[in-house]
Amino acid sequence: MNSRRSSGGRLSPVRARALIRKEFRQMLRDRSTLTLGILLPLMLLLLFGFGLSLDVKLVPVAVVRDNSSPVTRDLFTALQRSAYFSPVLAGSWEEGRALLSSGDVDAIVRRQIRENPEGGETVQVVVNGRDSNTARIMQRYLEGALSQWTAARQSGTSFLHAPAAASSGKGQAEAVTRIWYNHASESSYFLVPGVTALIMTLIGSLLTALVVAREWERGTYEALAATPVHRAEIVAGKTVPYFCLGMVGLSLCLAAASWIFGVPMRGPLWLVVLTSLIYLLDALGMGLLISALTKNQFLASQIVLVVSFLPTMMLSGFIFDLKSAPEPVTYVAHVFPATWYVEILQTLFLVGSVPGIVVRNMLIMLLMAVLLLGLAGLSIRKSLE
């Protein structure tokens, strides 16, 4: 008898529709909710899509001109023809060091003469290593540009008077590099799917974490507890409106990915939408569970930031590749649904439909959704004690 009263009696579609309609009206009246659900996703898309870039382009490089050697001028022209560098001439090694220390350039290139009986020349490259990741990328790009310059000199071709690409002679092997899945080498192709996961987390977890806590703080939960509504009806009433708002956010993300950033979608659209629906249920379940346990909006929002928003940013593979992380961190990352969702999105956008990844990750996310929504329903009490 007590258990039936605490759960709210039998399920009623009429009561569930009434609760959903009531929550829809409250959501539409709350401008802060609409701002977080629509305006903030647009800002995040523009910020991460245009403002955050992992690409290395037009890097300022100082080419030391110790004398009027044609080798130095040829090297300067070789770097100038590359889309990755913006070379400037430095009159001496000391001037190049000063430019590097002040941050005006990110690397120094200078010609050196070998001190051995055979003579010869070498090229010294000094890279600013304050950002280790950018330094490694610059080093690889510089090595590639210098290797092309060296090949051109050995074949008797000058960058000053001939085309940049020198023809190879007979019997020489030519290395041909092809980049799959991101042929343009644009970091936005990798980041925009992660931003989609971030926005879905924001709408699903953060907004839902406030709904039950708001009822407790405003004292309206007493009226709700006095009605014969079932726990499942409360869960439906609190999640369906934000589920629809999350679909609006997903539509904005997909439209921006295709029309603004030009990210290719090599997997089927219906599969992207289906996986997003499942992940949105994960986010809604996590937010509702936190809201039901804390009963305080400020505390609920802080917990959501720690257990949902920050892991999506740092541990999902959104920005940093998890393959380079320590093994214990990898295990912790896969506790969160966002890790599985980001992997699916990046696969569907850039690679295509890979059944081994898609089916496995979808089943894991679906299991998490059932668990989180079930725990949220059990955490919602029909008593005021």
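These legends go with a few views of a predicted model.

**View 1. The whole chain, helices and strands together.** Count the elements in this predicted model and you get 15 helices and 4 strands. The chain runs to 385 residues, and 44% of them count as buried. Take the contacts with a separation of 6 or more: 76% come from residues 24 or more positions apart. As for the outside, the accessible surface adds up to about 20,300 Å², with carbon and sulfur atoms holding 61% of that.

**View 2. A nonpolar patch on the surface.** Four residues make up this one: Leu46, Phe50, Trp259 and Ile260, which together show about 520 Å² of accessible area. Two helices chip in at least two residues each, namely helix 3 (31-51) and helix 10 (231-260).

**View 3. Zooming in on Trp259.** This patch member sits in helix 10. Is Trp259 buried or exposed? Its relative accessible area is 73%, and anything over 50% counts as exposed, so Trp259 is exposed.

**View 4. Helix 11, end to end.** Helix 11 covers residues 269-294, which is 26 residues. How far apart are its end C-alpha atoms? They are 38 Å apart, and that agrees with the 38 Å the helix should span at 1.5 Å a residue. Most of helix 11 is covered, with 19 of the 26 residues buried. Right after helix 11 comes Lys295, and its phi is positive, near 60°.

Terms used:
Residues numbered from 1 in each chain as written. Predicted model: local features only at pLDDT ≥ 70, side-chain atom pairs only at ≥ 80, totals over all residues. Heavy atoms only, no water. Buried < 20%, exposed > 50% of the residue type's maximum accessible area, 1.4 Å probe, protein only. Contact = heavy atoms within 4.5 Å. Areas by Shrake-Rupley, 256 points an atom, 1.4 Å probe, with all protein chains shown as cover. Patch = residues over 30% accessible without salt bridge, like charges linked within 9 Å, V, L, I, M, F, W, Y side chains within 5 Å. Salt bridge = Lys/Arg side-chain N within 4 Å of Asp/Glu carboxyl O. Expected span 1.5 Å × (residues − 1).
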